[in-house]
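Good morning, colleagues. Please bring up the sequence and the structure, and keep both in view while I speak.

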Amino acid sequence: MEINKGEICFLVGTSGSGKSTLLNMMAGLEKPTSGTVILNGTHIEKMSERKLALFRQKNLGFVFQSYNLLPTMTAQENVAMPLMFSGKKQSVREKKAKQMLLSVGLGGRLKHKPTQMSGGQQQRVAIARAFVSDPPIILADEPTGNLDSSTTIEVMNMIVEMVRKNNQTLIVVTHEPELAVYGDKVIHIKDGHIERMEINENPIRKMEIEKREEQQ
């Protein structure tokens, strides 16, 4: 399968179908027993763990179902963490993290810790953390799995808007086929195999384009 730059792709399947394993191989977290995984022209299946860590740092942002925020850190500190690994000064890290939290509507929660926030707010922090380094590729594993239906729509709209604005590639794993309406491409996975692939005539994207044309 092939995913193009700037494309939003959904990997859809039931629990145990292999979609998260596929996402992990794309991220270099698991190595395939055969075949190749090429990201930005790089064969990551051949890379050492050290090189993979550096590659992920420069190229990938992650959004997880369980948020994976550090409980002892504030929202701002959690978002700023990826910038620490890239050698940014503390003042730069804090400024960028604040900007990201403002962009996801959490300007009033900078000093709050995860236990002081709702699930939707924690996922917004996780989204801000994934985007703070401006990675070309965002990987999201069941990003709305722990959220109610209204918050799910809110979070998906936010993620899609951000990747469209920055021309980033987004790959989302989900067991909820109705979410695939957000994608350009939908890959259905069953028992570890690609069952079928669809190019989505995205109604949400069409509405966005029509809205922009009306404003112009």
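I shall discuss two pockets and then one residue in this predicted model.

Let me begin with the largest pocket. Its volume is about 690 Å³. A total of 26 residues line this pocket, and those nearest its centre are Met1, Met26, Val37, Ile38 and Leu39. Which elements supply at least two residues each to this lining? They are helix 1, residues 19–26; strand 2, residues 38–39; strand 6, residues 169–174; and strand 8, residues 193–199. Helix 1 contributes the most, with four residues. As to chemical class, the lining of the largest pocket comprises 14 nonpolar, 10 polar and two charged residues.

I turn now to the second largest pocket, which holds about 490 Å³ of space. Its lining consists of 16 residues, and Leu60, Phe62, Pro82, Phe85 and Arg129 lie nearest the centre. At least two lining residues come from each of helix 2 (49–59), strand 4 (60–64), helix 3 (75–85) and helix 5 (119–131). Here the classes are nine nonpolar, five polar and two charged residues.

Finally, a single position: Asn157, which belongs to helix 6, spanning residues 149–166. Why does Asn157 count as partly exposed? The reason is its relative accessibility of 36%, since partly exposed residues fall between the buried limit of under 20% and the exposed limit of over 50%. With respect to Gly16, Asn157 is 141 residues away in sequence, and the C-alpha to C-alpha separation in space is 27 Å.

Thank you for your attention.

Key: Residues numbered from 1 in each chain as written. Predicted model: local features only at pLDDT ≥ 70, side-chain atom pairs only at ≥ 80, totals over all residues. Heavy atoms only, no water. Buried < 20%, exposed > 50% of the residue type's maximum accessible area, 1.4 Å probe, protein only. 1 Å grid on protein atoms, 1.4 Å probe; cavity = no way out; pocket = protein on both sides within 12 Å on 5 of 7 lines; lining within 4 Å. Points joined across faces, edges and corners; volume = space filled by probe spheres on them. Nonpolar A, V, L, I, M, F, W, Y, C, P; charged D, E, K, R; others polar.
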